[in-house]
Amino acid sequence: MISRLLLYPFLTVFAMLFAACNDDLDRKTTLTFTGDSIIARWDLQNYFSSLATTNLGVSGAGIDYIESLSGRMKGLNVVIMIGTNDNYMFHDEGPRKEYEVRYMAALDALEAETIYLYEVLPREFNNQDAVLNDYIRLFNNEIAEFVAERPSIVYLQVFDSFIDTGNHINQQYYNDGLHLSPEGYEILADALFNEL
């Protein structure tokens with residue numbers, strides 16, 4: 001099995017080639033998706049058949065992957081979902097605040113034309129306590145404050161759409177408490193289309 005860190009250089013070169021080959025396409029119909037397994041597993045052709053898309057998602061990716069793409073998304077419209085694999089940083093205020101600064105710096109360093117940023121989704125993977133979703137919600141709310149100062153970032157606030165009762169996820173939108181069902185991807189697609 002290839003380490004995800006070994007894949008990063010390959011994917012960044014791919015992203016640069018993709019950008020170079022697509023300069024003449026309508027910027028509103030060309031989207032580069034990147035992030036963790038939720039992006040990696042997304043059948044973009046099925047959900048976005050009318051758009052030119054590429055998928056640079058990597059299963060298990062965290063913010064270090066977005067940092068590895070620094071400067072390589074210049075002028076592109078990028079769709080990002082990242083953070084669920086870094087959720088251990090969300091529990092304590094000090095580490096969470098440090099992570100938020102790093103998170104926003106990584107987004108800024110992409111130099112993208114527009115970033116469509118999804119909130120981190122709630123999860124109940126491998127019997128995780130639903131209280132984790134409180135910390136994810138807090139993280140999302142704090143990121144919203146940073147995003148409000150950046151007109152190039154469109155924040156796709158979808159967290160609540162995936163909650164059923166209390167802090168528990170709506171199982172209909174998940175395959176395993178983390179990865180999404182087709183119905184879950186439909187929510188993500190609708191939120192993005194509403195902003196395009």
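Student: Before we look at R150 and D108, what is a salt bridge?
Tutor: A salt bridge is a side-chain nitrogen of Lys or Arg within 4 Å of a carboxyl oxygen of Asp or Glu. The model discussed here is predicted, and R150 and D108 meet this definition through their side chains, at 2.9 Å from N to O.

Student: Where do R150 and D108 sit in the chain?
Tutor: D108 belongs to helix α5, whereas R150 is in the loop between α6 (132-147) and β5 (153-156). The two are 42 residues apart, and the pair links distant parts of the chain.

Student: And D108, is that buried or exposed, or something in between?
Tutor: D108 counts as partly exposed, at 39% relative accessibility.

Student: How many salt bridges does the structure hold?
Tutor: There are seven salt bridges in the structure. One of them joins the side chains of R102 and E67, with 2.6 Å from N to O.

Student: Which parts does that pair tie together?
Tutor: R102 lies in helix α5 (residues 93-109) and E67 in helix α4 (residues 63-68), so their salt bridge ties together parts that are 35 residues apart in sequence. R102 is partly exposed at a relative accessible area of 38%, and E67 is likewise partly exposed, at 30%.

Student: What about D160, which residue does that bridge to?
Tutor: D160 forms a salt bridge with R137, and their closest N and O atoms are 2.7 Å apart. Since D160 lies in the loop between β5 and α7 (182-193) and R137 in helix α6, the pair ties together parts that are 23 residues apart in sequence. D160 counts as exposed, with 52% relative accessibility, while R137 counts as partly exposed, with 27%.

Student: Which residues are linked in a network of salt bridges?
Tutor: That network links R96, K97, E100 and E142. E142 is also among the buried residues of α6.

Student: Let us stay with α6, then. How many residues does it have, and how far does it reach?
Tutor: Helix α6 has 16 residues and reaches 22 Å from its first C-alpha to its last, close to the 22 Å expected at 1.5 Å a residue. Its buried residues include L132, I136, F139, I143 and V147, and what covers the buried residues of α6 includes α5, β4 (114-118) and β5.

Student: And α7, which residues are buried there?
Tutor: The buried residues of α7 are G184, Y185, I187, L188, A189, A191 and L192. They pack against β1 (30-35), α2 (37-40), α3 (44-47), β3, β4 and β5. Helix α7 itself has twelve residues and reaches 16 Å between its first and last C-alpha, close to the expected 16 Å.

Student: Changing topic: where is N77, and what does its side chain contact?
Tutor: N77 is found in strand β3 (residues 77-81). A polar contact of 3.4 Å joins its side chain to that of T114. N77 is buried, because its relative accessible area of 4% falls under the 20% cut-off.

Student: How many helices and strands does the chain have?
Tutor: The chain has seven helices and five strands. From the N terminus on, the elements run α-β-α-α-β-α-β-α-β-α-β-α.

Student: What percentage of the residues count as buried?
Tutor: Of the 196 residues of the chain, 51% count as buried. The chain exposes about 9200 Å², of which carbon and sulfur atoms supply 50%.

Student: What of contacts between residues at least 24 apart?
Tutor: Among contacts between residues at least 6 apart in sequence, 69% join residues at least 24 apart.

Terms used:
Residues are numbered from 1 along each chain as its sequence is written. This is a predicted model: local features need pLDDT of at least 70, side-chain atom pairs count only at pLDDT 80 or more; totals for chains, interfaces and linings use all residues. Side-chain values use heavy atoms; hydrogens and water are left out. Helices (H or I, at least four residues) and strands (E, at least two) are DSSP runs, numbered from the N terminus. Buried means under 20% relative accessible area, exposed over 50%, partly exposed in between (1.4 Å probe, protein chains only). The expected span of a helix is 1.5 Å times one less than its number of residues. Contact means heavy atoms within 4.5 Å. A polar contact is a pair of N or O atoms within 3.5 Å; within protein, one must be able to donate a hydrogen and the other to accept it, and residues adjacent in sequence count only if both atoms are side-chain atoms. Accessible areas come from the Shrake-Rupley method with a 1.4 Å probe; for residues, only the protein chains shown count as cover.
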